[in-house]
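User: I'm new to this one and would like a walk through it. Please keep it plain.

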Amino acid sequence: MSSLKRKAGEDSSPSEIKKPKANASITSFFGPPKTVSSSTKATGTSTETIDAAPTKFDKEKWVAKLTAEQKELLKLEIDTLHESWLSQLKDEITGKDFLELKKFLKRELDSGKKVFPPMEDVYSWSRHTPLNTVKAVIIGQDPYHNVNQAHGLSFSVRPPTPAPPSLKNIYKALEKDYPSTSATPFVPPAKNGGLLTPWADRGVLLLNTCLTVRAHEANSHANRGWEKFTQKVIDIVEKRRSRGVVFLAWGSPAGKRVQKVNKQRHLVLQSVHPSPLSAMRGFFDCGHFKKANAWLIDEGRYGKDGAIDWSLNVKPEEAGI
């Protein structure tokens, strides 16, 4: 797949831009931000404010001002966090709490502990879904903690790993919203797969609450600082994406993450978690995927071309893997 840089100020539709491969050289993800002016467009009797571009971000100048310790601790963020996000998160990651988190991760790795996802994939959500492309957010919890599962996107697993139970239940809900008899039927990945990069490439931010985990030890990196960081990510989406975003929050932990979202601007859809332990209590009939699209295609938001294509019938190589 050819690589195409996403710049911090562009407001193109995710469906119109090809995504870089998940494991492509990290330097290929960055380019100088391109600014666009804030504007409005008529939408019947009201006007909609188009998302204003962030202030131009000079990454090299910012890095040059960091201390030697900050440069060492933040190398992963500097190299792999997409610039549209880095420009908004730069103050957060240079704060005391985040630096303590990075010191903890360094101790984990230096002591020989295996951490998932692989370090180059911790911020893959940012590269697949730059800030200016976000139309929906699906909030997960802890990354998968077994081999060849987590790759930086909530609920998603790398092929040939089969879809885990919660993701299988997500597919069942999708098949209810978009059955085989509908005009746009949901098609799951081949071979019971669980790769969700096509969603991320189409503007669905797949964000876990915690971004790393020790191998085979669920929640082992919880309460170390990731929760504060990912809440900041959600807050940035809520603030910057003024055209409106759909937040899909499944389960009470995800629900807590969206409590402060402006529901006049955005759509918040909450349900029980798709886990087999709770899905039978309303998840299968929540209709979230169809409701999200009905809201997005409103003329005051993204229009008829704003619907998300939820189908996953693409080859792994076409999905950036």
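User: Is Asp97 buried, exposed or partly exposed?

Analyst: Asp97 counts as partly exposed, because its relative accessibility is 44%. The cut-offs are under 20% relative accessible area for buried and over 50% for exposed, with partly exposed in between (1.4 Å probe, protein chains only). One thing to know early: this is a predicted model, where local features need pLDDT of at least 70 and side-chain atom pairs count only at pLDDT 80 or more, while totals for chains, interfaces and linings use all residues. Residues are numbered from 1 along each chain as its sequence is written, and side-chain values use heavy atoms, leaving out hydrogens and water.

User: Which residue does Asp97 form a salt bridge with?

Analyst: Lys228, and the closest N and O atoms are 4.0 Å apart. That pair ties together distant parts of the chain, since Asp97 belongs to helix α5 and Lys228 to helix α9, 131 residues apart. Lys228 is partly exposed too, as its relative accessible area is 44%. A salt bridge here is a side-chain nitrogen of Lys or Arg within 4 Å of a carboxyl oxygen of Asp or Glu. Helices (H or I, at least four residues) and strands (E, at least two) are DSSP runs, numbered from the N terminus.

User: How many salt bridges does the structure hold?

Analyst: There are 13. Side chains of opposite charge can pair when their charged atoms come close.

User: OK, tell me about α5 itself. How many residues does it have, and how far does it reach?

Analyst: Helix α5 covers residues 96-110, which makes 15 residues, and spans 21 Å from its first C-alpha to its last. That is close to the 21 Å expected, where the expected span is 1.5 Å times one less than the number of residues. Just after α5, Gly112 has a positive phi of about 90 degrees.

User: Which residues of α5 are buried?

Analyst: Phe98, Leu99, Leu101, Lys102, Phe104, Leu105 and Glu108. Their cover includes α2 (68-73), α3 (75-80), α4 (83-93), β3 (115-116), β6 (213-214) and α9 (226-240).

User: Glu108 caught my eye. What do the side chains of Glu108 and Arg214 do?

Analyst: They meet in a salt bridge, 2.7 Å from N to O. This one also bridges distant parts of the chain, with Arg214 in strand β6 and Glu108 in helix α5, 106 residues apart. Both Arg214 and Glu108 are buried.

User: And Glu100, which residue does it form a salt bridge with?

Analyst: Lys103, with the closest N and O atoms 3.4 Å apart. Both sit in helix α5, three residues apart, which is about one turn of the helix. An α-helix has 3.6 residues a turn, so residues three or four places apart point the same way. Glu69 joins Glu100 and Lys103 in a network of salt bridges.

User: New topic. Which residue does UniProt list as "active site"?

Analyst: An unreviewed UniProt entry lists Asp142. The position is given in the numbering used here, the feature name is shortened, and such annotations may be inferred rather than shown by experiment. Asp142 lies in the loop between β4 (136-140) and α7 (165-177).

User: What is Asp142 in contact with?

Analyst: Leaving aside neighbours within four places in sequence, Asp142 is in contact (heavy atoms within 4.5 Å) with Asn208, Cys210, Thr212, Val213, Ala218 and Asn219. A polar atom of the Asp142 side chain lies 2.6 Å from the backbone nitrogen of Asn219.

User: There's a cysteine in that list. How many disulfides does a search of the whole structure find?

Analyst: Zero; the test is a pair of cysteine sulfur atoms within 2.5 Å. Cys210 is buried, because its relative accessible area is 3%, and Cys286 counts as buried at 9%.

User: Anything odd in the backbone? Which residues does a cis peptide bond join?

Analyst: One joins Phe116 and Pro117, with omega about -5 degrees, and another joins Pro159 and Pro160, with omega about 10 degrees. Pro117 is in the loop between β3 and α6 (124-128). Pro160 is in the loop between β4 and α7. Lys191 has a positive phi near 55 degrees without being a glycine, and Asn192 has a positive phi of about 60 degrees. Most residues other than glycine have a negative phi, and most peptide bonds are trans.

User: Last one: how many helices and strands does the chain have?

Analyst: The chain has 11 helices and eight strands, and buried residues make up 55% of its 321 residues.

Notes
A polar contact is a pair of N or O atoms within 3.5 Å; within protein, one must be able to donate a hydrogen and the other to accept it, and residues adjacent in sequence count only if both atoms are side-chain atoms.
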